[in-house]
Amino acid sequence: MRYVRQIAGVVILIGTLSLGLAQPSAASSANVAALQVALKAVGLYPVAVDGVKGPFTARGVRSFQQHRRLLVDGVAGPQTRHALGRRGRPELGSRVMHRGQRGWDVAALQFLLQRRGYQPGGIDGGFGLGTHNALVAFQRAAGLTVDGLAGSGTISALRHRSGTSTRTVSGPVRFYHPVPGPIGDPFGAPREAGRKHSGVDFPVAYGTLIEAAGVGTTVFAGYNSGGYGNLVVIQHRLGYTTWYAHMSRITSYAGEHVQGGTRIGYVGSTGHSTGPHLHFEVRLNNVPIDPVPYLLAGTAARAGTTVATSARCGDPAAYATARIDDCR
């Protein structure tokens with residue numbers, strides 16, 4: 001496999017995933033997030049970028065070191081980081097970043113913006129329009145010079161300033177049911193080898209239409225050999241993702257912008273499945289959580305996806321269920 005030497009505009013794709021629960025951690029770092037982006041660029045970090053030093057990060061570093069014949073210690077030291085594409089002035093704040101640039105420090109900037117609640121449209125190391133718009137919004141809210149340039153002052157404010165520079169959410173994100181019908185196996189139900197069910201199952205007929213549970217972007221659409229079978233993963237705001245497994249057929253694609261009610265596939269029994277059903281997960285920062293408290297009554301089609309901007313879009317907690325055009 002040929003490894004790239006610098007971080008390009010990487011679309012966040014989620015590949016072969018474990019069925020086990022991810023390990024939560026309170027500590028996150030912009031530099032770790034940049035490392036994860038670099039590993040993702042060479043196919044060695046198969047989960048969402050979260051800035052947390054966990055088993056996926058360590059495993060990716062070891063695999064990269066083995067392929068590049070470096071000391072295999074799982075530590076991303078200077079040699080490993082240099083081989084991954086860290087060149088010149090890599091430290092965040094050592095250069096003024098602007099639209100059109102790429103690099104390790106851009107990925108770190110994107111992570112800080114996202115952590116503050118200003119969505120750059122993905123953490124991929126490329127300073128594009130989404131990153132520019134998020135940066136400008138942050139500068140305006142923080143009372144900084146609004147120039148779209150990420151210099152030391154902006155970086156310092158992103159790292160340390162509180163109050164108006166951080167967006168707060170008045171309540172949890174809500175999602176529509178992806179298919180009609182009651183829930184079968186609940187979250188946390190026991191599984192073989194001591195595992196617990198990481199989502200909920202909807203025991204509906206083979207071929208039932210599956211709809212996106214809310215506004216977001218499809219970041220994975222394909223076959224997962226870890227047990228999910230035909231799988232679609234949608235990235236929403238505030239670190240939430242929804243997972244739709246065991247499909248008979250996928251109709252969505254990576255990079256598709258969806259809204260509540262968008263068709264993404266059909267119910268099947270692929271992967272580790274004992275019969276037709278939809279396995280549905282909600283994850284927060286890649287940690288599976290019980291979807292039930294986040295679910296609205298009914299599907300988007302039954303509830304109606306058109307919402308009034310004044311009534312719904314002023315509340316960031318409601319944004320995930322809205323139509324895309326209603327909250328721009």
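Helices and strands here are DSSP runs, numbered from the N terminus. With that naming, Leu-149 can be placed: this residue sits in the loop between H5 and H6. The model is predicted.

Start with the whole chain. The secondary structure comes to eight helices and eleven strands. The chain has 328 residues, and 52% of them count as buried. Take the contacts between residues at least 6 apart in sequence: 59% of these join residues at least 24 apart.

Now look inside. In soluble globular proteins, nonpolar side chains tend to be buried together. The largest nonpolar core in this chain holds 41 residues. Leu-39, Leu-84, Leu-92, Met-97, Leu-109, Leu-113 and Phe-138 touch the most other members. Several helices supply this core with two or more residues each: H1 (30-41), H2 (55-67), H3 (78-84), H4, H5 (129-142) and H6. The largest share comes from H4, which gives eight residues. A second core is separate and has 23 residues. Val-204, Ile-264, Phe-280 and Leu-295 are among them.

Helix H4 makes a good guide to the first core. H4 covers residues 104-116, and H6 covers residues 152-160. Their axes come within 9 Å and cross at roughly 45°. Angles from 65 to 115 degrees would count as roughly perpendicular, and those under 35 as roughly parallel. H4 and H6 are therefore oblique to each other. H4 passes H6 in a left-handed crossing. On the H4 side, Leu-109, Leu-112, Leu-113 and Arg-116 make the contact. On the H6 side, they meet Ile-155, Ala-157, Leu-158, Arg-159 and His-160. By class, these residues divide into six nonpolar, one polar and two charged.

Leu-109 deserves a closer look. Leaving out residues up to four places away in sequence, Leu-109 touches Leu-92, Met-97, Phe-127, Thr-131, Ala-150, Ile-155 and Leu-158. Two of these names, Ile-155 and Leu-158, also appear on the H6 side of the helix contact.

H4 also packs against H1. Here the axes are 8 Å apart, and the angle is about 120°. H1 and H4 are therefore oblique to each other. H1 passes H4 in a right-handed crossing. From H1 come Ala-30, Asn-31, Ala-33, Ala-34, Leu-35, Val-37 and Ala-38. They meet Trp-104, Ala-107, Ala-108, Phe-111 and Leu-112 in H4. This contact has eleven nonpolar residues, one polar residue and no charged ones. Leu-112 thus has a place in the H1 contact and in the H6 contact.

H1 has another partner, H2. These two pack at an angle of about 50°, with their axes 10 Å apart. H1 and H2 are therefore oblique to each other. Their crossing is left-handed. Leu-35, Gln-36 and Leu-39 in H1 meet Thr-57, Gly-60, Val-61 and Phe-64 in H2. The classes here are four nonpolar, three polar and no charged residues. Leu-35 takes part in this contact and in the one with H4.

Return to Leu-149. Is this loop residue buried or exposed? Its relative accessibility is 34%, so Leu-149 counts as partly exposed. Val-136 is 13 residues away along the chain, and the two C-alpha atoms are separated by 8.3 Å. Beyond four places in sequence, Leu-149 touches Val-96, Met-97, His-98, Leu-135, Gln-139 and Thr-154.

Follow that last contact. Thr-154 lies in helix H6. At 8% relative accessibility, Thr-154 counts as buried. Besides Leu-149, Thr-154 is in contact with Leu-135, Phe-138, Gln-139 and Leu-144, with neighbours within four places in sequence set aside.

Last, move to another part of the chain. His-277 is found in the loop between strand E8 (263-267) and strand E9 (278-284). Its relative accessibility is 12%, so His-277 counts as buried. Phe-202 lies 75 residues away along the chain, yet the C-alpha atoms of His-277 and Phe-202 are separated by 5.5 Å. Which residues does His-277 contact, leaving aside neighbours within four places in sequence? They are Asp-201, Phe-202, Pro-203, Val-204, Ala-245, His-246, Val-267 and Gly-268. One of them, Val-204, is also a member of the second core.

Conventions
Residues numbered from 1 in each chain as written. Predicted model: local features only at pLDDT ≥ 70, side-chain atom pairs only at ≥ 80, totals over all residues. Heavy atoms only, no water. Axes fitted to C-alpha atoms, helices over the stretch in contact; angles between N-to-C directions. Helix = DSSP H or I, 4+ residues; strand = E, 2+ residues; numbered from the N terminus. Parallel < 35°, antiparallel > 145°, perpendicular 65-115°, else oblique. Left-handed = near helix turned anticlockwise from the far one by under 90°. Contact = heavy atoms within 4.5 Å. Nonpolar A, V, L, I, M, F, W, Y, C, P; charged D, E, K, R; others polar. Core = buried A, V, L, I, M, F, W, Y, C linked by side-chain atoms within 4.5 Å. Buried < 20%, exposed > 50% of the residue type's maximum accessible area, 1.4 Å probe, protein only.
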